[in-house]
Amino acid sequence: MSTVGVAAETASLPGDATALGREMHNLAARLLPICRSITGPGVRETLRILQEFIPIEIHEVPTGTPILDWTVPKEWLIRDAFIADSTGHRVVDFKQNNLHLVGYSTPVDREMSLPELDEHLFSLPEQPEAIPYVTSYYKERWGFCLPHRQRVTLKPGTYRVFIDSELKDGFLSYGECIFPGTTKEEVFLSTYICHPSMANNELSGPIVTSFVSEWIQAQPRRYTYRVIFAPETIGAITYLSRHLEYLKKNVIAGFNISCIGDERAYSYVASRYGDTLADRVARHALRAISPNYIEYSFLDRGSDERQYCSPGVDLPLVCLCRSKFGAYPEYHTSFDSLDLVTPDGLAGGYELVRRCLETLEGNFRYKVNCLGEPCLGRRGLYPTLSKKGSADEVKLMMDFLAYADGANDLVSIADRIGATVWQLFPIVAKLSQAQLISNLN
Amino acid sequence: MSTVGVAAETASLPGDATALGREMHNLAARLLPICRSITGPGVRETLRILQEFIPIEIHEVPTGTPILDWTVPKEWLIRDAFIADSTGHRVVDFKQNNLHLVGYSTPVDREMSLPELDEHLFSLPEQPEAIPYVTSYYKERWGFCLPHRQRVTLKPGTYRVFIDSELKDGFLSYGECIFPGTTKEEVFLSTYICHPSMANNELSGPIVTSFVSEWIQAQPRRYTYRVIFAPETIGAITYLSRHLEYLKKNVIAGFNISCIGDERAYSYVASRYGDTLADRVARHALRAISPNYIEYSFLDRGSDERQYCSPGVDLPLVCLCRSKFGAYPEYHTSFDSLDLVTPDGLAGGYELVRRCLETLEGNFRYKVNCLGEPCLGRRGLYPTLSKKGSADEVKLMMDFLAYADGANDLVSIADRIGATVWQLFPIVAKLSQAQLISNLN
Amino acid sequence: MSTVGVAAETASLPGDATALGREMHNLAARLLPICRSITGPGVRETLRILQEFIPIEIHEVPTGTPILDWTVPKEWLIRDAFIADSTGHRVVDFKQNNLHLVGYSTPVDREMSLPELDEHLFSLPEQPEAIPYVTSYYKERWGFCLPHRQRVTLKPGTYRVFIDSELKDGFLSYGECIFPGTTKEEVFLSTYICHPSMANNELSGPIVTSFVSEWIQAQPRRYTYRVIFAPETIGAITYLSRHLEYLKKNVIAGFNISCIGDERAYSYVASRYGDTLADRVARHALRAISPNYIEYSFLDRGSDERQYCSPGVDLPLVCLCRSKFGAYPEYHTSFDSLDLVTPDGLAGGYELVRRCLETLEGNFRYKVNCLGEPCLGRRGLYPTLSKKGSADEVKLMMDFLAYADGANDLVSIADRIGATVWQLFPIVAKLSQAQLISNLN
């Protein structure tokens, strides 16, 4: 019912957002061709490139290591793969696009008829130009993916199928950065590095997370930040198997970052019960950036929030997205490209994550130091001359003070009085300076 | 926000539902002519017929016994009653339809003029063909009920009024069945046997309850079931006066069963605060059977939930109905007949009660045994080949596991994930078999 | 879902409401010309006139006294003020309307040009006929207010500005009445007496409060009533600085009374969290009087609820209004006159406050004395003959008893069963008389 015109501030990207977006987009272009999977050299190469930006420590966990209910799988190496027709012409070639090969395909070198081959082909009749993305991590098989339009043109005859891959004991690799703060309380960021040549799902996640990490590193900070780059599912399970007790004790909010580089939506997947600090912070930041953001329930989960929010793990974590996995037509196809993911899209994703972290850093509980409304006038906090906007700021200040009763954190107060934390930060600073409020944290 | 297509299963009556419905309808036809009231031979005869189906123990409580705030009333015997015109012709005859006589009418044998007689007549101008149902349990009087159309044709003259009834010290009769389970925790069912020749209100209640009791008897069961057939109000008060402390200690959910035999609505009357296990179970079963069911608040109560949910009694009980008392035009008239109550209507009522009991029996709290999502694949619980529907079942399984944190019972989980307990029962069985979940109850 | 036709009773002003309204309106006419401010003779004169009606004790607090975060200001005396043109003609004259002078103006006696004068003039271009109300309590300055239509006609030339005022050490005056009840628990009423010649804001508040106080004095009463007439803000702060601990301990509900004399709206400003007894009572009374009343959140506050509900003070208080400060076009102008405030408007405001107090006085928690529904018939509480309306009363009685479980106060029960406390009072009386319920307070 507030009459104050403090509608949620719309996203004001900093002046260098475009430059930042272009830098991120360039990095995406560099990483796109690498053939990533849940293990193998593509993961390591990707982490090494990200190390140019932030101090990632790479961890290697041996095949066969028990991790919660799972086991670290064999490592997959892929050197070459193609289908050649009877003339030797490569009609499908992994080297052209690594989506052509089903992830974790076993080695093959055989001639076969089209009907036999066809049982190993995957295509999308409803998106006939797209190469689908298919994997078979936990059952040994092989296959190729191709545009449906091409598949129907394959002529009867003999084809040579060649896959020079290896499934062998090796390691699962993940990267970890820890940026210590003034407290042991932690903010946890997680993203993944197991998808081959697709842009939104999932180069946008590690790229935005890397650039946000650079920003974290440059900021004074209250919280310790823990940033994980891991293969999806199995990486999160591996990480939890090693750090669960510590995380449960110290993490106050976490964000899984995925599909965060297109320009269409802003969205988030709530935690299991939708009631954690991370949920409140994400909703607050999203409302400030894009009031029409989409809130998905935990029933729409799909990324590592599945592990981090599972019963007994219970980290206070949400998933931040622009167009969420499964919610855009290019998802899990070759159309998820650097046309879909743009500099502005990435810059918006970066802005969302940064705003969540700013919100957390500034989210103290405050208590007004006097009884009754304070006398702002004798402290120079009340405008002696009314000018456009000054009444709004006084109204916000008074509303903030009305709820600065020690029971509410800044996000709660802002939500209640219809303001953003960014509108309140300068007010809090003035009131603290005037010793009118105490910070209870 | 679930994307799973698990819309509430619509009622799938078991194959023999029609046969069952016909059996119930036949029993209704047999019981309909009996003149029941809150005491007297009609009650006993009804209970004796029901004993052919289930082991009802009949209890007799003497007139004058103090019961909570009340006293057991005199017993009413009725042998004959009529109004004869001056030619001796019986213009209104209790033997034609026992609704013709006001229940608990005192004996009369007198001639009187039409105006004097008229003060003792009851009819419904707005339903001129219907005989209304009128009683005067707690004030001694007499009267006759007749179609309004007939009433207006009565000619001036002298009428003989004859009622061969008796109000004498006797007994209040009620029936009780107890089906022991593996625990002392009880499910309480109550219905009533005090209405004369009307079908929905109230032969449907005792008939459906009897047939459900047969089913209970044939099932393995966790809970002990206590089933009461009593005259409305005074019977419930009598029963509470004898068993209140035990019921308060042991009943986990109760259902008053009334007006449950027509085909129009499914409905339920909530408990006093609408928040008991019985409420949650009734809503769940109703949503599965008939998503458009009607939920009445306790302000719309009218049957023995009035007693069982009263302050200090506080049993966790709701009232299950199809077209609720007072909410259908034939209510408390001779039109509440075996045309209104049908085999399918009774079978649907039976289905509703049975589903409530199935829900209760299967309503355990579960806790997943591992941290993070379990590896379903190595247990054969993940489809290796995708086929229509298998993804939905996996999605349900994962959603169930996500909330199997020991804090939620099965009904809560089902409601939260948009499923029915009947969809979850086979999933729970598979997961229990695989030792992936523990039953906490 | 109640089927009972007990829609909220609409306001039935007592037979003498019109007479009462006229008396209040007459008093308003008498008080209107007095030049009130936050201190000074106008406040004292107003209190002395109100003393004719109720036993107000006047308190005087010296300038400079520290009061919470504030200090009692200097006292302001004003004898005369005008702007005269070069012919000596008073073009703006305080003696015509005391709104012409900015409140707390410092003394001046000087000639000046129109441009210099103009910097001290206030008018409203969008309401060109209205004199605005302007004050400058906490910064020493001077100024005149006039209709914009007049301002634009002022001719260039020399004007004499004369303000015969004094700002000197003196006293802040406030009035206090205490009407002891049978308990030390208190109901707190507050209104203010610092506005010059305006009617709704704010003669309506002290006048309605005075007349309600007369009524309080004449009633048997459970609670002690404390009624404060003070200058807004600084008066409330002064009062809190002297009585806070006692108020916090004893006040169970409070009402700030402001802008309560026009005929347009009924409204209320909720307490800080909107969840106090005063909120529940105000909503209940408003629903009974005017179901379309407006509920403002605490973000729309503006009167002394700002002080009484501030953090650490936390009195359970709401603000009762008809057209709320800031929410009607005449607000803070000379148009806020005795045309806007009417006898009926004042009588409605009086009715609202009185109903809130009646609700509080009758708001006990009740517990039914028997288990199961009581036998109303043998106590003569059940109609033996049905007549129009009797079923409704029995339904209300049964609904009341159903929730008379000791957990709910009367307001809660009334709200829950869709009744008003005034409908329930006679029912409660009958049930108490029959010893069917106990009063738990």
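Where in chain A is the place of A:Thr233? The legends below start there, and then visit other parts of this predicted model.

**View 1. A:Thr233 and B:Thr233, two loop residues with a positive phi.**
A:Thr233 sits in the loop between strand 12 (224–230) and helix 6 of chain A. Look at its backbone: phi is positive, about 65 degrees, although A:Thr233 is not a glycine. The relative accessibility of A:Thr233 is 17%, and a residue under 20% is called buried, so A:Thr233 counts as buried. Now turn to chain B. There, B:Thr233 lies in the loop between strand 12 (224–230) and helix 6 (234–250). Phi of B:Thr233 is near 65 degrees, again a positive value in a residue other than glycine. B:Thr233 counts as buried too, at 17% relative accessibility.

**View 2. B:Ile34, a buried residue in a loop of chain B.**
To find B:Ile34, follow chain B to the loop between helix 1 (17–31) and helix 2 (41–50). With a relative accessible area of 8%, B:Ile34 is buried. Which residues does B:Ile34 touch, not counting those up to four places away in sequence? They are B:Gly42, B:Glu45, B:Thr46, B:Ile49, B:Asn98, B:Pro196 and B:Ser197. One of these, B:Asn98, is worth picking out. B:Ile34 and B:Asn98 are 64 residues apart in sequence, yet their C-alpha atoms are 8.1 Å apart in space.

**View 3. C:Arg283, a buried arginine in helix 7 of chain C.**
C:Arg283 belongs to helix 7, which covers residues 277–289 of chain C. An arginine carries a charged side chain, and here C:Arg283 counts as buried, at 19% relative accessibility. What lies 2.6 Å from a polar atom of the side chain of C:Arg283? It is the backbone oxygen of C:Gly274. Leaving aside neighbours within four places in sequence, C:Arg283 is in contact with C:Tyr268, C:Gly274, C:Tyr293 and C:Glu295.

**View 4. Helix 10 of chain C, largely enclosed by the rest of the structure.**
Helix 10 of chain C runs over residues 390–403, 14 residues in total. At 1.5 Å a residue those 14 residues should span 20 Å, and the end C-alpha atoms are indeed 20 Å apart, so the two values agree. How many residues of this helix are buried? The count is 11 of the 14, which means that helix 10 is largely enclosed by the rest of the structure. Among the buried ones are C:Ser390, C:Met397, C:Met398, C:Phe400 and C:Tyr403. The buried residues pack against several elements of chain C: strand 17 (365–368), strand 18 (405–409), helix 11 (410–417), helix 12 (421–433) and strand 19 (437–439).

**View 5. Where chain A touches chain C.**
Here 26 residues of chain A are in contact with 22 residues of chain C. Between them the two chains bury about 2000 Å², with 51% of that area on carbon and sulfur atoms. Five salt bridges are counted between chain A and chain C. One of the salt bridges joins A:Glu373 to C:Arg306, with the closest N and O atoms 2.7 Å apart. Across this interface, 15 residue pairs are in polar contact. On the side of chain A, the elements that give two or more residues are helix 10 (390–403), strand 18 (405–409) and helix 11 (410–417). The largest share, six residues, comes from helix 10 of chain A. By kind, the residues on this side divide into 14 nonpolar, five polar and seven charged.

**View 6. Where chain A touches chain B.**
This contact takes 22 residues from chain A and 25 residues from chain B. The area buried is about 2000 Å², and carbon and sulfur atoms give 50% of it. How many salt bridges are counted between chain A and chain B? The count is five. In one salt bridge, B:Arg378 pairs with A:Asp69, and the closest N and O atoms are 2.8 Å apart. The interface of chain A and chain B also has 15 residue pairs in polar contact. Helix 6 (234–250), strand 15 (294–296) and helix 8 (305–308) of chain A each supply at least two residues to this side. The residues of chain A here divide into 10 nonpolar, four polar and eight charged.

Key:
Residues numbered from 1 in each chain as written. Chains lettered and ligands numbered in written order. Predicted model: local features only at pLDDT ≥ 70, side-chain atom pairs only at ≥ 80, totals over all residues. Heavy atoms only, no water. Helix = DSSP H or I, 4+ residues; strand = E, 2+ residues; numbered from the N terminus. Expected span 1.5 Å × (residues − 1). Buried < 20%, exposed > 50% of the residue type's maximum accessible area, 1.4 Å probe, protein only. Contact = heavy atoms within 4.5 Å. Buried area = accessible area lost by both parts, 1.4 Å probe. Salt bridge = Lys/Arg side-chain N within 4 Å of Asp/Glu carboxyl O. Polar contact = N/O pair within 3.5 Å; in protein donor to acceptor, adjacent residues only side chain to side chain.
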